[in-house]
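Q: Please go through the terms applied to this model one by one. For each, set the value against the definition and say what follows.

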Amino acid sequence: NGGKRYSMTFQEQQDLLLENYLFRYDKDEASVEFIITSICNQKCEYCYLYRYGNEMYPPEANKKENILRNLALLLDWLDENGYKYTTFDIFSGEFFQIPYWEEILSVFYEHQINTPNIPSRDFVIPTNMSFLMDEEKTARVEYWINRVRNDTKHFNGFWLSASVDGPTELESVERGLRNGQTKQDSFYDKFFKFIAKYSFSCHPMITKEFVKDYKRNYDWWIDNLIKYNATFKKENGYEVCSIPMMLEVRNAEQWDKESLQNYRDFLFYVAEKDLNTLHKGDLTDFAYHMADNFSDGMMNIGTYNHVQPYILALPEVQHRMPCSIQGGTIFRVGDLAVVPCHRTCYPDKVYGFLELNEDKTKIVGVYGENPMLAYKIKTINQNRSFMKCAGCPIKSFCMKGCLGAQYEDRKELFCAIDEVCEMFKTKYRTVNDIAEKYGVYDIILNDLKISKERREFIKYARDIINRCLYD
């Protein structure tokens, strides 16, 4: 350079920061999330897509031609740059409501079978299962499940995660279909037969409206899973439980004094139901279920080793956010935006974009917009860096709130919502009371089948809860 110093422009610095982030942090993650569209046929009152979807998904990001072209180019770019992911994590409002959903799966499929020297991969797709209301569409979904699962050379599996909250009288309260239809008994018959046939799991949401009726709803879930023989599936040689992963909605308006009391009553009901129905009165088996350590790997003891978190699980160490936001890269396919997660696609939160060449046939670079937010989210320890959390006694095991919900309520990603804090305190206090009531601690703290580290942390969390969460 003839002794001259080169000074990068601000945009060049932004681009370089985003490029380094993509190639340094995310290439070895197990999954990549592909956000397809915001199209959905339900109107769930608590859902961010229903309330804020237009702010997060610009029109060009929902165009078919952009999505199909960009998806093919993105898959090529990921493999050309050595991404080692093994899961196609496909996210949409409702994937099977996209008119061209089969064309999208074809792009994934053709890339996977025609690209040499890449890892086998599986599909994971959340869905409200409404495709079961259409026999022709159901047949096409089954075709794809079997096509992928039968090709063990290129694929590891095809999994749906069912977003069904309960029977019609509950679902119609907050998450009815946009066309005015209701899910009849015939739908639920098909639903339970379908998940039993293909070993799919479910993730019903717990909301303020639902929680007062959730005792009845939980009976409905467990009784039907047993009736349709959908309770167990084989995984890694172990029998594992596919009872629903109950997820609490982390919006501020969902939790007040009444709903928290209803939630506490519900958790006690779950304990009684599970002990007597699932564990057939075996307290040791029930204790193993509560002690199972989902985040750090299952213990593989007891009948109900879980493939997903148990609502009555005893506290686990939490140093990372328990969702996908600190995992693999997440792309909004229609405009090739690199985003924090599907709930934080707001314009000022987009990390940047992948750039195409002039004829739009290849990804040739990156354009950084907010790369420092990417580094912050990827490396943050919420126990030290979240407002309110840093001084909280249960920070080491609290799951904490959703960054998207916090932004919507507080206009700040990293500021906890008071009402959600109270929900988690209620949960951990109640789980502790359940463990004391049934003698769970007496069983697991002296059981050498459970690792010393797990037993010591359970003992530590019990002490914190008893000292800090009771008036």
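Q: Why does Glu103 count as partly exposed?
A: The relative accessibility of Glu103 is 37%, and the term covers the range between buried (under 20% relative accessible area) and exposed (over 50%), with a 1.4 Å probe and protein chains only, so Glu103 is partly exposed. This is a predicted model, in which local features need pLDDT of at least 70 and side-chain atom pairs count only at pLDDT 80 or more, while totals for chains, interfaces and linings use all residues. Residues are numbered from 1 along each chain as its sequence is written, and side-chain values use heavy atoms, with hydrogens and water left out.

Q: What makes the contact between Lys64 and Glu103 a salt bridge?
A: The closest N and O atoms of Lys64 and Glu103 are 3.1 Å apart, and a salt bridge requires a side-chain nitrogen of Lys or Arg within 4 Å of a carboxyl oxygen of Asp or Glu, so the pair qualifies. Lys64 belongs to helix α3 (residues 64-80) and Glu103 to helix α4 (residues 101-114), so that distant parts of the chain, 39 residues apart, are linked; helices (H or I, at least four residues) and strands (E, at least two) are DSSP runs numbered from the N terminus. Lys64, with a relative accessible area of 34%, is partly exposed.

Q: Are Glu248 and Lys427 buried or exposed, and what does their salt bridge tie together?
A: Glu248 has a relative accessible area of 5% and is therefore buried, and Lys427, at 8%, counts as buried too. Their side chains meet in a salt bridge at 2.9 Å, N to O. Because Glu248 lies in strand β11 (residues 247-248) and Lys427 in helix α15, the pair ties together parts that are 179 residues apart in sequence.

Q: How do you know that Glu408 and Arg343 form a salt bridge, and why do they count as buried?
A: The N to O distance between the two side chains is 2.8 Å, which meets the criterion just given. The pair links Glu408 in helix α14 (residues 403-410) with Arg343 in the loop between β14 (337-339) and β15 (352-356), 65 residues apart. Glu408 has a relative accessibility of 11%, as has Arg343, also at 11%, so both count as buried. Elsewhere, salt bridges that share partners join Lys388, Asp409, Arg410, Asp418 and Glu419 into one network, and the structure holds 20 salt bridges.

Q: Why are β4 and β5 said to pair?
A: Two strands pair if DSSP finds at least two bridges between them, and strand β4 (residues 121-127) and β5 have seven, in the parallel sense, so they pair. One of the bridge partnerships joins Asp122 to Gly157 in β5. The chain crosses from β4 through helix α5 (residues 135-150) to β5, and this β-α-β crossover is right-handed: the path from the first strand over the helix to the second runs clockwise with the strands pointing away from the viewer. Strand β5 (residues 155-162) is mostly covered, with six of its eight residues buried.

Q: What makes β7 an edge strand?
A: The open sheet has nine strands in the order β7-β5-β4-β3-β1-β13-β14-β15-β16, with mixed pairing. β7 and β16 (363-368) each have a single partner strand, so one side of each is left without a neighbour in the sheet. For β7 (residues 201-202), two parallel bridges join it to β5, with Ala162 facing Cys202 as bridge partner.

Q: Why is the space lined by Tyr21 called a cavity?
A: A cavity is, on a 1 Å grid over the protein atoms alone, a set of points where a 1.4 Å probe fits but cannot get out, and lining residues have an atom within 4 Å of a point. The structure holds one cavity of 30 Å³ or more. The largest cavity has a volume of about 40 Å³, a volume being the space filled by probe spheres set on the points, which are joined across faces, edges and corners. Its lining includes Tyr21, Ile325, Gly328 and Tyr351.

Technical notes. On a 1 Å grid over the protein atoms alone, a cavity is a set of points where a 1.4 Å probe fits but cannot get out, and a pocket is an open set with protein on both sides within 12 Å along at least five of seven lines; lining residues have an atom within 4 Å of a point.
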